[in-house]
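Please open the model in your viewer, with a cartoon representation and side chains ready to be switched on. The tour below moves from one selection to the next and says what is to be found at each.

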Amino acid sequence: MTWEHFNGNPLLVGIMPQQHPEVLQTAAALAARLGSPLVCAYVDEASYLVEWDPDRSAHRLSRHPEADDDMLALSTDLTAQVQSTMEELATGGKTPEWSFRTLTGDPARALGQLAAEVDAPIIIVGTPERGFTHRLSEALNGSVGTWLSHHQSRPVLVVPYRKPAHEDRG
């Protein structure tokens with residue numbers, strides 16, 4: 001199902017493998033409370049955006065790539081993660097309608113462009129993961145939440161990483 005079949009504008013959440021579950025749980029709960037659909041988007045940083053011009057066919061192909069075997073497996077895993085979160089939420093009440101998108105390029109820019117495309121009223125992302133590798137990546141690439149909050153006009157909800165302090169040694 002795609003967002004075009006939903007009533008109202010969808011909330012947009014950026015998801016990724018091994019992301020702390022609070023991001024998707026928070027986005028799903030907020031969408032359910034607001035009665036809004038939810039678009040879950042994964043951005044493949046290994047690919048890049050070829051063209052930004054929406055009038056050209058390269059634009060759609062570069063932002064919404066054809067799936068290869070690795071991307072298909074990853075998309076299947078992420079879709080199952082979203083489905084599982086929605087089923088958990090269902091026990092507490094109404095679940096939002098949702099869809100899954102795979103994008104390419106810089107995560108912040110791709111999420112910003114998708115938010116404009118679907119006219120999302122808010123973008124939901126997580127805080128950077130703990131650990132040296134993630135800190136190095138953030139130093140080189142910047143924070144998705146920071147870039148979004150400074151370079152586009154939509155509100156950005158940054159969901160904190162909620163690991164108990166005694167376990168947070170990253």
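Which residues of S4 are buried on one side, and which on the other? Select S4 (residues 123-126) and show its side chains: Ile 123 and Val 125 are buried on one side, Ile 124 and Gly 126 are buried on the other, and both faces of the strand are thus covered. Buried here means under 20% relative accessible area, exposed means over 50%, and partly exposed lies in between, with a 1.4 Å probe and protein chains only. In a regular strand the side chains alternate between the two faces of the sheet.

Before going further, note that this is a predicted model, in which local features need pLDDT of at least 70 and side-chain atom pairs count only at pLDDT 80 or more, whereas totals for chains, interfaces and linings use all residues. Residues are numbered from 1 along each chain as its sequence is written, and side-chain values use heavy atoms, with hydrogens and water left out.

Now zoom out to the whole chain, which holds six helices and five strands in the order β-α-β-α-α-β-α-β-α-α-β along the sequence. Helices (H or I, at least four residues) and strands (E, at least two) are DSSP runs, numbered from the N terminus. Of the 170 residues, 41% count as buried. Among contacts (heavy atoms within 4.5 Å) with a separation of 6 or more, 79% are accounted for by residues 24 or more positions apart.

Keep S4 selected and add S5 (residues 156-159), which runs parallel to S4 and is joined to it by four bridges; two strands count as paired if DSSP finds at least two bridges between them. Within this pair, Val 158 of S5 is the bridge partner of Val 125.

Next add S1 (residues 11-14), which pairs with S4 in the parallel sense over two bridges, with Leu 12 standing opposite Ile 123. S1 is also covered on both faces, since Leu 11 and Val 13 on one side and Leu 12 and Gly 14 on the other are all buried. Four bridges join S1 to S2 (residues 38-44) in a parallel arrangement, and Ala 41 of S2 is the bridge partner of Gly 14. Add H1 (residues 22-34) to see the right-handed β-α-β unit that it makes with S1 and S2: with the strands pointing away from the viewer, the path from the first strand over the helix to the second runs clockwise.

Move on to H3 (residues 69-90), whose 22 residues reach 31 Å from the first C-alpha to the last, close to the 32 Å expected at 1.5 Å a residue, where the expected span is 1.5 Å times one less than the number of residues. Its buried residues are Met 71, Leu 74, Ser 75, Leu 78, Val 82, Thr 85 and Met 86. Seen down the axis of H3, these buried residues fall within an arc of 110°, so they line one face of the helix; the arc is that of the directions from the helix axis to the C-beta atoms. They pack against H1, S2 and S3 (98-104), while Asp 69 and Asp 77 are exposed on the other side of H3.

Finish with two loops. Select Gln 18, in the loop between S1 and H1, where phi is near 55°, a positive value in a residue other than glycine; Gln 18 is exposed, with a relative accessible area of 74%. Then select Asp 119, in the loop between H4 (107-118) and S4, where phi is likewise near 55°; Asp 119 is partly exposed, at 41% relative accessible area.
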